[in-house]
Every structure is written in C-alpha cells, then in structure tokens.
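Thanks, everyone; I would like to spend a few minutes on one structure and talk through how one part of it is put together. Please have a look at the sequence and the fold before I go on.

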Amino acid sequence: MSSELATYVSGRYITINVKPLSYKEFLYFNKEKDSADAFQKFLTVGGFPGLKDMMEKYYFADQGLLFLLHGYRDSYINGILENILFTELLRRSYAVYIGKAGDTEIDFVAVKGAETIYVQVAYLLSSEEARTREYRPLRAINDNYAKLILTMDNLPESNDGGIIRKNIREWLLTPQSIIPSA
C-alpha cells in the first residue's frame, strides 16, 4: 500500500519491503546443495519461499497479463481456457478446487451451497486421445453431481452418460448457474 493510501485507511502505516530469496538463500531454505538441477528449480520456481510448497495451478486475473509478459503462443490455449473458466467460476461466486479421481486430475470442482459440479476444459476433442483424457476423470467419479466438459469445438451440446459437453464461448454467455440444461 502506498503511504498516502495507508494513511487514509488507518491513519498509520508500516512499510515492509519483501524481496525474493537469492539463489544462495534458496538453497539454504530448501536444504539443497548447489547443482544444475537445483539452479533449474530456482529458475522455475523462483525465490518466494512459500512457492516451493505449492506444485498446484496458478491463474492470472486476466489472460492479457500472460500475453503482456510472454506474448501470445498457440501452445498456451489450454491454460488460457482454464484461466478464463477459473475466473468466471469465481465471478459466479463458486468456491473452486482442483479435484482428483484416482490417478487423474479434474480441472475444477466448483461448489456453491449445495450445488457441486465437476468441470473439464479442453481446446478441442477432435482426437480419440483427447476425448479419453477429458472424459476419463469424470467417468471415474461415482456420485450424482453434474459433470461438464467445455471446449472450443463448434458442435451441438451433447450428453454422454451424464457428462455434458458444451462450447465454452456459449457457456460463458449462459445465466449464473453453471449446471447446463442438456
């Protein structure tokens, strides 16, 4: 907080400058010895101490920030779609979690009151491999909560054994409830 804003808020403020760990501090903090692998980890994870305990997903408040930092790359599309959906679920007041079903990951478990829905996000389901990868986690769940796959495919909405596939763009324009109508 800038000192001026802090003064308006509380009348008093304390400035605490926080810097990430240096590489030497990173090694000490992580109880590691210097090596090419340790340096690669430092390059990847960075020097903020808490990040080492987090290997979960992180989302930008807006995908434009990613483009600002890295430029647009087609290879980012799956992550961008997940980012858009994560932000929309929060906007619709859902608590959002990453799920596990056996050895598979469910992109999102969205909960609001008694409503729970499992959501997979994929660019396209044009290959059998992609369909298997996205449907498998949802088929492994043995409960009666809604299951949804959102893609960029321009196909009509479908229902395959209770798993609804819908175009993400169309879904983003639907009313606040995330449970689809099919």
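L148 has its bridge partner in strand 6, and that partner is I164. Please keep in mind throughout that what we are looking at is a predicted model. The bridge belongs to the pairing of strand 4, residues 146–151, with strand 6, which runs in the parallel sense over 5 bridges.

Strand 6 also pairs with strand 5, residues 158–160, but here the sense is antiparallel and the pairing extends over 3 bridges. In this second pairing, D160 has I163 of strand 6 as its bridge partner. Strands 5 and 6 together make a hairpin with 2 residues between them, and in that turn G161 takes a positive phi of about 65 degrees.

So how is strand 6 placed with respect to the rest of the structure? It spans residues 163–167, and because 5 of its 5 residues are buried, it is largely enclosed by the rest of the structure. As for the side chains, I163, R165 and N167 point one way from the strand, while I164 and K166 point the other way, and all are buried.

Stepping back to the whole protein chain, 33% of its 182 residues count as buried. The chain has 7 helices and 6 strands, and their order from the N terminus is α-α-α-α-α-β-β-β-α-β-β-β-α. Finally, if we take the contacts between residues at least 6 apart in sequence, 42% of them join residues at least 24 apart, and the accessible surface of the chain comes to about 12,100 Å², with 56% of it belonging to carbon and sulfur atoms.

Definitions and conventions. Residues are numbered from 1 along each chain as its sequence is written. This is a predicted model: local features need pLDDT of at least 70, side-chain atom pairs count only at pLDDT 80 or more; totals for chains, interfaces and linings use all residues. Side-chain values use heavy atoms; hydrogens and water are left out. Helices (H or I, at least four residues) and strands (E, at least two) are DSSP runs, numbered from the N terminus. Buried means under 20% relative accessible area, exposed over 50%, partly exposed in between (1.4 Å probe, protein chains only). Contact means heavy atoms within 4.5 Å. Accessible areas come from the Shrake-Rupley method with a 1.4 Å probe; for residues, only the protein chains shown count as cover. Two strands pair if DSSP finds at least two bridges between them.
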